[in-house]
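Work through the exercises below with the model open. Each one asks for a charged pair and its setting.

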Amino acid sequence: MKGIAILAPLIFCSFYVQSEARLGSREVLLDNDTVQIIRLTYPPGAESGMHTHAFSHRAVYFVKGGKLQLVSDNKESSRHVVNIPDGKTYFMPKVTHNVINIGNTEVVIIETEIK
C-alpha cells in the first residue's frame, strides 16, 4: 500500500510533464507595424495547439522539414498529413488550425506574416 501511495504522485507528475512538453517553441524574431516573423520549433510529438492566424498574407519557410499533421477547425477538412522537405517555402491562407509533428525529426519553420 505504501508503494501505491508513492507511485501515484509520480505517475500524475509524469503525465503533467508530458503534456507540458508537447507544445513546440515559438520565438518572435521581428514584430512591428508591418510584419511579424516567428521561428517555430516542433520536436517529435510536439504541437502548436489550436490557434488562428489573423493576417491573410503569410509565408512559411521550412528550415528543417518533416512529417506534420495539420488539424483544421473546419470539420470537412479536419486532418491532413504532409511530408515537407527541408528548404521548402509555401504561401499560406488565413486559417485556424493545430500543427502536430508526427515524424521522428525536429521541424523548424520561419513564418512571416504581413500585417
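The exercises on salt bridges follow, each with a worked solution.

This is a predicted model, where local features need pLDDT of at least 70, side-chain atom pairs count only at pLDDT 80 or more, and totals for chains, interfaces and linings use all residues. Residues are numbered from 1 along each chain as its sequence is written, and side-chain values use heavy atoms, with hydrogens and water left out.

**Exercise 1.** State how many salt bridges the model has, then place the pair R22 and E47.

Solution.
- Apply the rule: a side-chain nitrogen of Lys or Arg within 4 Å of a carboxyl oxygen of Asp or Glu. The count is five salt bridges.
- R22 and E47 form one, at 2.6 Å from N to O.
- R22 sits in the loop between α1 (2–21) and β1 (25–31), E47 in the loop between β2 (35–42) and β3 (51–52), so the bridge ties together parts 25 residues apart in sequence. Helices (H or I, at least four residues) and strands (E, at least two) are DSSP runs, numbered from the N terminus.
- Check burial (buried: under 20% relative accessible area; exposed: over 50%; partly exposed: in between; 1.4 Å probe, protein chains only). E47 is buried at 15%. R22 is partly exposed at 40%.

**Exercise 2.** Find where K115 and D31 lie.

Solution.
- Their side chains form a salt bridge of 2.4 Å, N to O.
- K115 lies in the segment after β9 (107–114) and D31 in strand β1, so parts 84 residues apart in sequence are tied together.
- K115 is partly exposed at 38% relative accessibility. D31 is partly exposed at 44%.
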